[in-house]
Amino acid sequence: MGTEGFKGKIVVITGAGQGQGRYFAEQFYHAGAAVSLLDLNSKSLDEVVKDMGPTDSDRFKAYATDVSDSTQVSAIIEDIGKHFGKIDILINNAGILHKSMIETSTDDHIELMIRVNLMAPMYCTRSVIPFMKREGGNIINVSSILATFPNTSSGAYGAAKNGLVTLTRVWAAELAPYDIRVNCYAPGVVNTPMMSEIFVQHREESKLSQIPLRRFGESEDIFKLLSFLCSEQAEYITGQTIGIDGGMWATQTPTIAWNKK
Ligand SMILES: NC(=O)c1ccc[n+]([C@@H]2O[C@H](COP(=O)([O-])OP(=O)(O)OC[C@H]3O[C@@H](n4cnc5c(N)ncnc54)[C@H](O)[C@@H]3O)[C@@H](O)[C@H]2O)c1
């Protein structure tokens, strides 16, 4: 899937300081889009700027911000929308996973999981609509396999990510009259800092045994789907959540076929 169609597009990516969001920002920028990166972590944003060295500063903006703060989000999206005159693509990518079982979950933990993973995409989406309405566009929500194939200690995260599946369907219908498509994807295990604990604790083998395709996802795998969903090839697709997990969700017996090979 080529990225030629993104030249001149105005793209907003949340959580773009590291991991998948950073990779998406680099890909869209190299494809000729104007990218705006929003992230809580100003240090990692500085690193992205240093590493990428964007030569065309008018196509690259970075904002250190908390996307779960509605006031900050409206001000920044307005700044981007007024500067470029429109917004074509919003990737609601920022997310955070802190583990806790319900019995010991603090108010702060519960609020953080819901604010960042569920409320922030609502704030960002609401704010971009005025700038996307005239020419249409694409909104992408980032869910997780934990939304529909949940795990202990990640209930609040999974519930928030499941909420995004519902919001994707509702927004698809609400925004269709403006030619705005809304889709979502649900990754399994993607090799980013968020999943570093798997590697630090040497749990790679046990995790891989849950994945029929026997490898972790890479940001590149996710970008292939993301760029398809935002392209004209997907012009009749809206309201969908697509699993991208190497088959992790498919069966209760992911390893049997490997053992027989
Ligand atoms: N990595 C995986 O295996 C995996 C699996 C399923 C879903 N996801 C989802 O994919 C998305 C990207 O995750 P990743 O793997 O790149 O994770 P990551 O932790 O590497 O990157 C997430 C980024 O979001 C930023 N962020 C967190 N809270 C923020 C806030 N309040 N405001 C602004 N920025 C904030 C972080 O600073 C970080 O740069 C997330 O929504 C995550 O939930 C990841």
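The exercises below, each with a worked solution, concern aromatic pairs, charges over rings, the ligand shell and selected residues of a predicted model.

Residues are numbered from 1 along each chain as its sequence is written, and side-chain values use heavy atoms, with hydrogens and water left out. In this predicted model local features need pLDDT of at least 70 and side-chain atom pairs count only at pLDDT 80 or more, while totals for chains, interfaces and linings use all residues.

**Exercise 1. Determine how many aromatic pairs the structure holds, and describe the pair of Phe6 and Phe28.**

Step 1. Apply the criterion: rings of Phe, Tyr and Trp (its six-membered ring) pair if their centres lie within 6.5 Å; planes under 30 degrees apart count as stacked, over 60 as edge-to-face and the rest as tilted. The structure holds 6 such pairs.

Step 2. Classify the pair. Phe6 and Phe28 are 5.0 Å apart, centre to centre, with 80° between the planes, and the pair is edge-to-face.

Step 3. Place the rings in the chain, where helices (H or I, at least four residues) and strands (E, at least two) are DSSP runs numbered from the N terminus. Phe6 lies in the segment before strand E1 (10-14) and Phe28 in helix H1 (residues 19-30), so the pair ties together parts that are 22 residues apart in sequence.

Step 4. Check accessibility: buried means under 20% relative accessible area, exposed over 50%, and partly exposed in between (1.4 Å probe, protein chains only). Both Phe6 and Phe28 are buried.

Step 5. Look for further links. Phe6 and Phe28 belong to a cluster joined by ring pairs, together with Tyr23, Phe24 and Phe223.

**Exercise 2. Characterise the aromatic pair of Phe149 and Trp249.**

Step 1. The geometry is edge-to-face: 6.4 Å centre to centre and 65° between the planes.

Step 2. The pair links distant parts of the chain, 100 residues apart. Phe149 is in the loop between strand E5 (137-142) and helix H5 (155-175), and Trp249 is in the loop between strand E7 (241-244) and helix H9 (256-260).

Step 3. Why does Phe149 count as partly exposed? Its relative accessibility is 43%. Trp249 also counts as partly exposed, because its relative accessibility is 46%.

**Exercise 3. Find the rings over which Arg59 and Arg214 sit, and describe the backbone of Arg214.**

Step 1. Use the criterion: a charge sits over a ring if NZ of Lys or CZ of Arg is within 6 Å of the ring centre and within 35 degrees of the ring normal.

Step 2. Arg59 lies over the face of Tyr29, at 4.3 Å from the ring centre. For Arg214, the charged end sits over the ring of Trp258, 5.2 Å from its centre.

Step 3. Arg214 lies in the loop between helix H7 (204-208) and helix H8 (219-229). Its phi is near 60°, a positive value in a residue other than glycine. Arg214 counts as partly exposed because its relative accessibility is 28%.

Step 4. Compare Ser153, in the loop between E5 and H5, where phi is near 70° and likewise positive in a residue other than glycine.

**Exercise 4. Describe the surroundings of the ligand.**

Step 1. List the shell, taking a residue as near if one of its heavy atoms lies within 4 Å. There are 26 residues around the ligand, and Asp39, Asn93, Tyr157, Val190 and Thr192 come nearest.

Step 2. Sort the shell by class: 12 nonpolar, 11 polar and 3 charged. Ala, Val, Leu, Ile, Met, Phe, Trp, Tyr, Cys and Pro count as nonpolar, Asp, Glu, Lys and Arg as charged, and the others, Gly among them, as polar.

Step 3. Assign secondary structure. H1 and H5 each supply at least two residues of the shell.

Step 4. Inspect distances to ligand oxygen atoms. A polar side-chain atom of Asp39 lies 2.6 Å from one, and a side-chain N or O atom of Tyr157 is 2.6 Å from one. For Gln20, a backbone N or O atom lies 2.9 Å from an oxygen atom of the ligand.

Step 5. Assess the cover, with areas from the Shrake-Rupley method (1.4 Å probe; for residues, only the protein chains shown count as cover). Taken alone the ligand exposes 830 Å², and the protein buries 95% of that.

**Exercise 5. Locate Asn92 and identify its side-chain partner.**

Step 1. Asn92 is in strand E4 (residues 89-92) and counts as buried, at 3% relative accessibility.

Step 2. Its side chain makes a polar contact with the side chain of Thr125, at 3.1 Å. A polar contact is a pair of N or O atoms within 3.5 Å; within protein, one must be able to donate a hydrogen and the other to accept it, and residues adjacent in sequence count only if both atoms are side-chain atoms.
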